[in-house]
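Please open the structure in your viewer and keep the sequence panel beside it. This tour suggests what to select at each stop and says what can be found there.

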Amino acid sequence: IGDADECLSILRSYTKGFPKSPDGHYFSARVLAQLGRKDEARRALEQCAELAADFWPAAELLVNDDLLAGRTEAAKARAHTLLEKYQGQTVPLMLDAKVAVQENDQKRAEARLQKAIELAPNEPQAYLFLTRVYLATQQTQQAVATLSAAAEKKNYDVLMMNSPIDTHFIHHLEMKLEKTSLKRVDADVLDKFRVQFLGRRA
């Protein structure tokens with residue numbers, strides 16, 4: 001706590017010295033969130049967004065926080081405002097895709113993520129999100145194709161493993177191949193990968 005308080009003091013001094021910089025407010029929000037002071041963290045994020053609406057980490061946290069609190073319309077309004085203001089940017093598309101998933105509007109989520117991939121074909125986040133949307137809606141072939149396209153750009157290999165014995169086989173590989181990392185893209189249900197928040201649901 002002491003170190004965190006000292007950090008907050010330094011950040012407050014920074015924001016006073018550089019009142020037009022969003023960075024101090026953003027990092028203050030992160031520290032405050034870690035301390036469980038979510039209302040103060042939210043205010044700091046709002047101040048950050050007022051100074052720079054395209055400070056994407058803050059925009060994402062605000063949308064996530066609204067979704068967690070059940071303020072879906074507020075999250076949607078923020079995402080759509082950013083979409084209109086920053087056409088051609090991928091983050092607003094992905095934020096609106098999160099809102100669409102929360103609203104069970106899979107078609108809109110797919111369209112937003114496909115557009116994000118079109119704008120930034122070498123960035124993996126939209127591919128992974130779209131893959132999970134496809135998996136959650138039982139569109140397995142589309143999921144495999146999307147993930148394979150992303151993996152090819154990063155020189156990764158994708159394994160389609162859906163047999164009951166595969167879990168044991170993967171465990172065996174992980175024990176034998178110490179320098180190899182194996183990741184699942186379907187490890188969470190749709191409700192769990194929708195958003196990341198300032199705090200956790202009680």
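Helices and strands are here DSSP runs, of at least four residues for a helix and at least two for a strand, and they are numbered from the N terminus. Counted in this way, the secondary structure of the protein chain, which is a predicted model, comes to eleven helices and zero strands. Begin with the whole chain in view: of its 202 residues, 39% count as buried. Among the contacts with a separation of 6 or more, 52% are accounted for by residues 24 or more positions apart.

Next, select residues 56-68, which form helix α4, together with residues 72-85, which form helix α5. How do the axes of these two helices cross? They come within 7 Å of each other and cross at roughly 155°, which means that α4 is roughly antiparallel to α5, since angles over 145 degrees count as such. The crossing of α4 and α5 is left-handed. To see where the two helices touch, show the side chains of Trp56, Ala59, Leu62, Val63, Asp66 and Leu67 in α4, which meet Thr72, Ala74, Ala75, Arg78 and Leu82 in α5. The residues of this contact of α4 with α5 divide into eight nonpolar, one polar and two charged.

Keep α4 selected and add α6, whose axis comes within 11 Å of that of α4 and crosses it at roughly 10°. Therefore α4 is roughly parallel to α6. Here Trp56, Ala59, Glu60, Val63, Asn64 and Leu67 in α4 meet Val91, Pro92, Leu95, Lys98, Val99 and Gln102 in α6. The residues of the contact of α4 with α6 divide into eight nonpolar, two polar and two charged.

Now select α6 by itself, residues 90-102, and note that its 13 residues reach 19 Å from the first C-alpha to the last, close to the 18 Å expected at 1.5 Å a residue. Is this helix mostly covered or mostly uncovered? It is mostly covered, with eleven of its 13 residues buried, and the buried ones include Leu93, Met94, Asp96, Ala97 and Val101.

Just after α6, pause at Asn104, which takes a positive phi of about 60°. The last stop is helix α7, residues 106-119, where 14 residues reach 20 Å from the first C-alpha to the last, close to the 20 Å expected at 1.5 Å a residue. Colour the buried residues of α7, which are Gln106, Arg108, Ala109, Glu110, Leu113, Ala116 and Ile117.

Methods. Residues are numbered from 1 along each chain as its sequence is written. This is a predicted model: local features need pLDDT of at least 70, side-chain atom pairs count only at pLDDT 80 or more; totals for chains, interfaces and linings use all residues. Side-chain values use heavy atoms; hydrogens and water are left out. The expected span of a helix is 1.5 Å times one less than its number of residues. Buried means under 20% relative accessible area, exposed over 50%, partly exposed in between (1.4 Å probe, protein chains only). Axes are lines fitted to C-alpha atoms, for helices over the stretch in contact, and angles run from 0 to 180 degrees between N-to-C directions. Angles under 35 degrees count as roughly parallel, over 145 as roughly antiparallel, 65 to 115 as roughly perpendicular and the rest as oblique. A crossing is left-handed if the near helix is turned anticlockwise from the far one by less than a right angle, and right-handed if clockwise. Contact means heavy atoms within 4.5 Å. Ala, Val, Leu, Ile, Met, Phe, Trp, Tyr, Cys and Pro count as nonpolar, Asp, Glu, Lys and Arg as charged, and the others, Gly among them, as polar.
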